[in-house]
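Biologist: Could you take me slowly through one part of this model, the sheet and whatever packs or bonds around it? I would like one connected account, with the computed values kept beside each statement.

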Amino acid sequence: MSDSSGAGIGALSVLASGAAALARSQSLDAALRTLLEAGCAATGAALAAVFAQDPERAEVELLATHGMSAEADAAFATQVTGDPEHPIRRAARERTESLARQASAPDGGSMTAADLPLTIGRSGIDEPVGLVSFGWAGG
């Protein structure tokens, strides 16, 4: 199938980068950062984060980010993990995406975010394993 708009090329680029990251990376952290970077490049997002979630609990753990400093990572992780009703935790817990969510950026400005739950299917049941969140400057 041909896509004259070029949109398919971006998606294929993300998939190729993801496959290469998983196949060649020396660590999960490096692979996740590569995946987030490719996702940001394909979507135009300035920021991205991936969280892991234990299917038995509603808590999440920040695994990797793109576009944030170490200090911003720590503050963001505390903000999300410290609030059971944070939109990211809610999206992960309820397994529902949140698109065009208005939020505060790490620099204090406004941003628009998209939170996408990650699930795996086992025996016909979708189990939550985490969430990826992308952020665009402005709101």
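Modeller: Two strands are taken to pair if DSSP finds at least two bridges between them, and the structure to which I apply that criterion is a predicted model. On that basis there is an open sheet of five strands, paired in the antiparallel sense and ordered S2-S1-S5-S4-S3. Its edges are strand S2, residues 60-66, and strand S3, residues 98-104, each of which pairs on one side only. From one strand to the next, the twist averages 30°. As a general matter, strands of a sheet pair through backbone hydrogen bonds, in either a parallel or an antiparallel manner.

Let me begin with strand S1, which spans residues 47-53 and is joined to S2 by six bridges in antiparallel pairing. These two strands form a hairpin, with six residues between them. Within this pairing, Phe51 has Leu62 of S2 as its bridge partner. S1 is also joined to S5 by six bridges, and this pair too runs antiparallel; here Val50 stands opposite Val132 in S5. As for accessibility, S1 is mostly covered, since six of its seven residues are buried.

Two helices then have to be placed against these strands. Returning to the S1 and S2 pair, which is antiparallel with six bridges, helix H3, residues 70-81, packs on the sheet and touches both S1 and S2, with a direction that makes about 150° with that of S2. Helix H4, residues 87-94, likewise packs on the sheet, but its list of contacts takes in S1, S2, S3, strand S4 (110-122) and strand S5 (125-137). The direction of H4 makes about 150° with that of S5.

The charged side chains add a second layer to this picture, and a search of the whole structure finds four salt bridges. One of them joins Glu85 and Arg93, whose closest N and O atoms are 3.6 Å apart. Glu85 counts as partly exposed because its relative accessibility is 46%, and Arg93 is also partly exposed, with a relative accessible area of 28%. These two residues belong to a network of salt bridges that links Glu85, Arg90 and Arg93.

Another salt bridge lies within the sheet itself, between Asp115 and Arg101, with 2.7 Å between the closest N and O atoms. Asp115 lies in strand S4 and Arg101 in strand S3, so the pair ties together parts that are 14 residues apart in sequence. Where do the two partners stand on the scale of accessibility, buried or exposed? Buried means under 20% relative accessible area, so Asp115, at 0% relative accessibility, counts as buried, and Arg101, with a relative accessible area of 12%, is buried as well.

The surroundings of Arg101 can be described further. Leaving aside residues up to four places away in sequence, Arg101 touches His86, Pro87, Ile88, Met111, Thr112, Ala113, Asp115 and Ser133. This list includes Asp115, its salt-bridge partner.

A further salt bridge is formed by Arg122 and Glu127, with the closest N and O atoms 3.7 Å apart. Arg122 counts as partly exposed because its relative accessibility is 47%, and Glu127 is partly exposed too, with a relative accessible area of 21%.

Finally, the sheet region has a nonpolar side to its surface. Leu118, Ile120 and Val129 make a nonpolar surface patch of about 180 Å². Of these, Val129 is found in strand S5, and it counts as partly exposed because its relative accessibility is 31%.

To draw the parts together, the account starts from an open five-stranded antiparallel sheet, in which S1 is mostly covered and on which helix H3 and helix H4 both pack. Between S3 and S4, the pair Asp115 and Arg101 ties together parts 14 residues apart in sequence, while Leu118, Ile120 and Val129 make the nonpolar patch on the surface.

Technical notes. Residues are numbered from 1 along each chain as its sequence is written. This is a predicted model: local features need pLDDT of at least 70, side-chain atom pairs count only at pLDDT 80 or more; totals for chains, interfaces and linings use all residues. Side-chain values use heavy atoms; hydrogens and water are left out. Helices (H or I, at least four residues) and strands (E, at least two) are DSSP runs, numbered from the N terminus. Axes are lines fitted to C-alpha atoms, for helices over the stretch in contact, and angles run from 0 to 180 degrees between N-to-C directions. Contact means heavy atoms within 4.5 Å. Buried means under 20% relative accessible area, exposed over 50%, partly exposed in between (1.4 Å probe, protein chains only). Patches are made of residues with over 30% relative accessible area and no salt bridge: like charges are joined within 9 Å, nonpolar side chains (Val, Leu, Ile, Met, Phe, Trp, Tyr) within 5 Å. Accessible areas come from the Shrake-Rupley method with a 1.4 Å probe; for residues, only the protein chains shown count as cover.
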